[in-house]
Amino acid sequence: RPNNKKYISDNESAQMLTAINLDVVDNKIIADAGNDYLARYAKDTSLNDVIREQNGLTYGIDLYTNNIDYRDYVMFGCDVSKGSEKHIRKLFNQSVNESVDNWSSETYNDYMNTRKLKRTLDLVNQKNYSSWFNLAIWNPDVIGGHLKDIASEDLDRAYDELDNIFCTQEKIKEYLESFRYMINWNKYSLVTNY
């Protein structure tokens, strides 16, 4: 759980995991949408763009919600070469701030269209339907009522309805601002080797 502490991992390896854990999730669906935007879809400012593509500091980043003791938290992690841990945190902050600054109705519409296309392509693979089973297990109230009926008829339409309820431009913006606040005020736990 995040407790706003820094944990030092005494490690002599050439690469080191840098991990950040935030208590910023009020709604997992909104958090997942906001995390995807920050991680990969913020054009030119996403964590993947800034840390991996522009600076070549890692093979990839992870930013996801993680359920610990029946509560969701945000986890960020990537392996970086020893000695670049401070730089990675600077780039992390830069990416988050620039991505939140760039959030607009145009950005939102482009992002949601990209999510829909990616979801449609993913759903071609039947294994991805398991996400609904996980959602039903951990958040059964979300799929209740009319969403359950829609899902049984047209799963793509059910996802659209879920986005219309939870993933509005305003709700994602509110999440992004909360995320930025936590980062800018160092309200997170950090695992590093410096």
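This is a short talk on the fold, the helix packing and a few single residues of one protein chain.

Hi everyone, thanks for coming. Please keep in mind throughout that we are looking at a predicted model.

Let me begin with the overall layout. The chain has 8 helices and 5 strands. Going along the sequence, the order is β-β-α-α-β-β-α-α-α-α-α-α-β. The chain is 194 residues long, and 42% of them count as buried. For those of you who like contact maps, take the contacts between residues at least 6 apart in sequence: 74% of these join residues at least 24 apart.

Now to helix 3, residues 85-101. How far apart should the ends of its 17 residues be? At 1.5 Å a residue the expected span is 24 Å, and the end C-alpha atoms are indeed 24 Å apart, so the two agree.

Quite a list of residues in this helix is buried: Glu85, Ile88, Leu91, Phe92, Ser95, Val96, Asn97, Ser99 and Val100. What covers them? The cover includes three helices, namely helix 1 (28-41), helix 2 (47-53) and helix 8 (169-184). Strand 2 (15-22), strand 4 (71-81) and strand 5 (189-192) also take part.

Helix 8 deserves a moment here, as it packs against helix 3 with the axes 10 Å apart and an angle of about 150 degrees. An angle over 145 degrees counts as roughly antiparallel, so that is the label for helix 3 and helix 8. Their crossing is left-handed. On the helix 3 side, the contact involves Phe92, Asn93, Val96, Asn97, Val100 and Asp101. Across from them, helix 8 supplies Lys173, Leu176, Glu177, Phe179, Arg180, Ile183 and Asn184. By character, this contact has 6 nonpolar, 3 polar and 4 charged residues. Phe92, Val96, Asn97 and Val100 from that contact are also on the buried list for helix 3.

Helix 8 has a contact with helix 1 as well. Here the axes come within 9 Å and cross at roughly 70 degrees. Angles of 65 to 115 degrees count as roughly perpendicular, which is therefore how helix 1 and helix 8 are described. This crossing is right-handed. From helix 1 we have Ile30, Ala31, Ala33, Gly34, Asn35, Tyr37 and Leu38, and they meet Lys171, Ile172, Tyr175, Leu176 and Phe179 of helix 8. The tally for this contact is 9 nonpolar, 2 polar and 1 charged. If you have the model open, try clicking on Leu176 and Phe179: they touch helix 1, and they touch helix 3 too.

Let me move on to backbone angles. Most residues other than glycine have a negative phi. Two aspartates here go the other way. In the loop between helix 1 and helix 2 sits Asp44, with a phi near 70 degrees. The other is Asp69, where phi is about 50 degrees. Asp69 belongs to the loop between strand 3 (62-68) and strand 4. Is Asp69 buried or exposed? With a relative accessible area of 55%, Asp69 is exposed, because the cut-off for that label is over 50%.

One last residue, Asn67 in strand 3. Its relative accessibility is 31%, so Asn67 counts as partly exposed. Asn67 and Lys28 are 39 residues apart in sequence, yet their C-alpha atoms are 9.6 Å apart in space.

That's my tour, and I'm happy to take questions.

Conventions: Residues are numbered from 1 along each chain as its sequence is written. This is a predicted model: local features need pLDDT of at least 70, side-chain atom pairs count only at pLDDT 80 or more; totals for chains, interfaces and linings use all residues. Side-chain values use heavy atoms; hydrogens and water are left out. Helices (H or I, at least four residues) and strands (E, at least two) are DSSP runs, numbered from the N terminus. The expected span of a helix is 1.5 Å times one less than its number of residues. Buried means under 20% relative accessible area, exposed over 50%, partly exposed in between (1.4 Å probe, protein chains only). Contact means heavy atoms within 4.5 Å. Axes are lines fitted to C-alpha atoms, for helices over the stretch in contact, and angles run from 0 to 180 degrees between N-to-C directions. Angles under 35 degrees count as roughly parallel, over 145 as roughly antiparallel, 65 to 115 as roughly perpendicular and the rest as oblique. A crossing is left-handed if the near helix is turned anticlockwise from the far one by less than a right angle, and right-handed if clockwise. Ala, Val, Leu, Ile, Met, Phe, Trp, Tyr, Cys and Pro count as nonpolar, Asp, Glu, Lys and Arg as charged, and the others, Gly among them, as polar.
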